[in-house]
Amino acid sequence: MTSRAWPGPWAACALIGLTACSSGVAESNGDPVVTECQAAIAAGALPAEVSEASGIARDPRSADLFWVHNDSGHDPILYGVDSTGALAGTTPIAGATSRDPEDITVARCPEGWCLYFGDTGDNGAVRRAVEVHRLPLPPIPTDAAVPSEPVSPLMSYTLIYPGGPRDAEGLFVDWERGELGIVTKGREGRVDLFVADLETLESVDGPVVLDRVGRLPVPVDPSITSQFVTAADLSPGGSRLAVRSYSTLYMFDWAGSASFDTLAAPQSTSLLTALEPQGEGLTFTADGSRLYMASEGVDPRPPQLSRIDCGP
């Protein structure tokens, strides 16, 4: 395995408490601080090919390019779309598992920027291990009708939950603190956060057991489907963790998993105003002031791109 240079900031990170979002000016790390998010709205229809849109991630090279993927039962393909949902191009994924991919996120990596593709879905809680694949950024699309050459994983992480399989659809990467985080769906009546050390993931040739950090203060009842968590994303400045259910956006102040014991209740905002058919994906824009959301289609409604402003 090739030796990789990993950043040092996480090792010396100051461990401050997590609090609910509050008003104020932009923080020193560049993330805006807000009292509340605005009403979520529809931005446009997604391509019909993404009928079961499950994850969405912004492309750091362009303010108007996002990568969306389907969940289980589809070929592993990244669909590039703009901020109206229009198709910009497609890129197949080769050499990665795609049993039930549920989320994707963009973050720094040894090569610069990468997409982290989370094959973590497990509705029946039967998978011994799940996979997260670190992919290179696809080529910038130039022709929506002509697929780009496939991208293959730079690294693949095999992850095992302590205590047995879990269903999870939320994935984020905290590059500065050196952590990969997984947020469970809530089928057990609670939403748990699991993390793994990035340096360990890159250096271990084999499965890595996740660390259970704790239970997120997100209301969930297995009998109320709308409360299930379907995505997560970390703000570009690393100070806000967004978690969404089918119906609600939760915004936590974030200072790394080491500060989890001071976790406070998040700011919450209804997503019902966007009228999503079945909301699944979530990603911050580059300045952290807006989030875009991807939704599956539910006949006769097509898959949908939505947005919500959470900054000044």
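In this predicted model, the side chains of Arg 177 and Asp 174 are joined by a polar contact of 2.8 Å. Arg 177 sits in the loop between E10 and E11, while Asp 174 belongs to strand E10 itself. The arginine has another partner too: its side chain reaches the backbone oxygen of Ala 255 at 3.4 Å.

Asp 174 is worth a longer look. With a relative accessible area of 2%, Asp 174 falls under the 20% limit and therefore counts as buried. Besides Arg 177, the Asp 174 side chain picks up Trp 254, through a side-chain polar contact of 2.9 Å. Setting aside residues up to four places away in sequence, Asp 174 touches Glu 179, Leu 198, Leu 234, Trp 254 and Gly 256.

Moving on to the nonpolar interior, the largest core takes in 22 residues. Tyr 116, Tyr 157, Leu 159, Leu 180, Ile 182 and Leu 201 are the ones with the most contacts inside this core. At least two residues apiece come from strands E6 (103–109), E7 (112–119), E8 (130–136), E9 (155–160), E10 (168–174), E11 (179–184) and E12 (191–197), and also from helix H1 (198–203). Leu 201 gives a feel for the packing: with residues up to four places away left out, Leu 201 touches Met 155, Tyr 157, Leu 159, Leu 180, Ala 196 and Val 208. There is also a second, separate core, this one of 19 residues, and Val 229, Leu 241, Val 243 and Trp 254 are among them. Trp 254 has already come up as the partner of Asp 174 in the 2.9 Å polar contact.

As for open space, the largest pocket has a volume of about 270 Å³. Its lining is made up of 18 residues, and those nearest the centre are Ala 107, Val 173, Trp 175, Ser 235 and Pro 236. E6, E10, strand E15 (229–234) and strand E20 (283–284) are the elements that give two or more residues to this lining. E6 makes the largest contribution, with four residues. By chemistry, the pocket lining splits into eight nonpolar, five polar and five charged residues. Strands E6 and E10 thus turn up twice, once as suppliers of the largest core and once in the lining of the largest pocket.

Some backbone oddities come next. Most residues other than glycine have a negative phi, and most peptide bonds are trans. Ala 125 goes the other way, with a positive phi near 50°. This alanine lies in the loop between E7 and E8 and is partly exposed, at a relative accessible area of 34%. Leu 275 also has a positive phi, near 55°, and is placed in the loop between strand E18 (267–270) and strand E19 (278–279). Leu 275 has a relative accessibility of 59%, which is over the 50% mark, so this leucine counts as exposed despite its nonpolar side chain. The peptide bond that joins Asp 299 and Pro 300 is cis, with omega at about 5°. Pro 300 is part of the loop between strand E21 (290–296) and strand E22 (304–309).

Gly 297 shares that setting, being found in the loop between E21 and E22. This glycine is partly exposed, with 23% relative accessibility. Neighbours within four places in sequence aside, Gly 297 is in contact with Ser 51, Pro 277, Pro 302 and Pro 303. Gly 297 and Asn 123 are separated by 174 residues in sequence and by 19 Å in space, C-alpha to C-alpha.

Asn 123 leads on to Asp 100, which counts Asn 123 among its contacts. Asp 100 lies in the loop between strand E5 (87–92) and E6. Its relative accessibility of 8% is under 20%, so Asp 100 is buried although it sits in a loop. Not counting residues up to four places away, Asp 100 touches Asp 71 and Ser 72, the run Gly 118, Asp 119, Thr 120, Gly 121, Asp 122 and Asn 123, and also Arg 127. From Asp 100 to Pro 139 the separation is 39 residues along the chain and 24 Å in space, taken C-alpha to C-alpha.

Technical notes:
Residues numbered from 1 in each chain as written. Predicted model: local features only at pLDDT ≥ 70, side-chain atom pairs only at ≥ 80, totals over all residues. Heavy atoms only, no water. Core = buried A, V, L, I, M, F, W, Y, C linked by side-chain atoms within 4.5 Å. Buried < 20%, exposed > 50% of the residue type's maximum accessible area, 1.4 Å probe, protein only. Contact = heavy atoms within 4.5 Å. 1 Å grid on protein atoms, 1.4 Å probe; cavity = no way out; pocket = protein on both sides within 12 Å on 5 of 7 lines; lining within 4 Å. Points joined across faces, edges and corners; volume = space filled by probe spheres on them. Polar contact = N/O pair within 3.5 Å; in protein donor to acceptor, adjacent residues only side chain to side chain.
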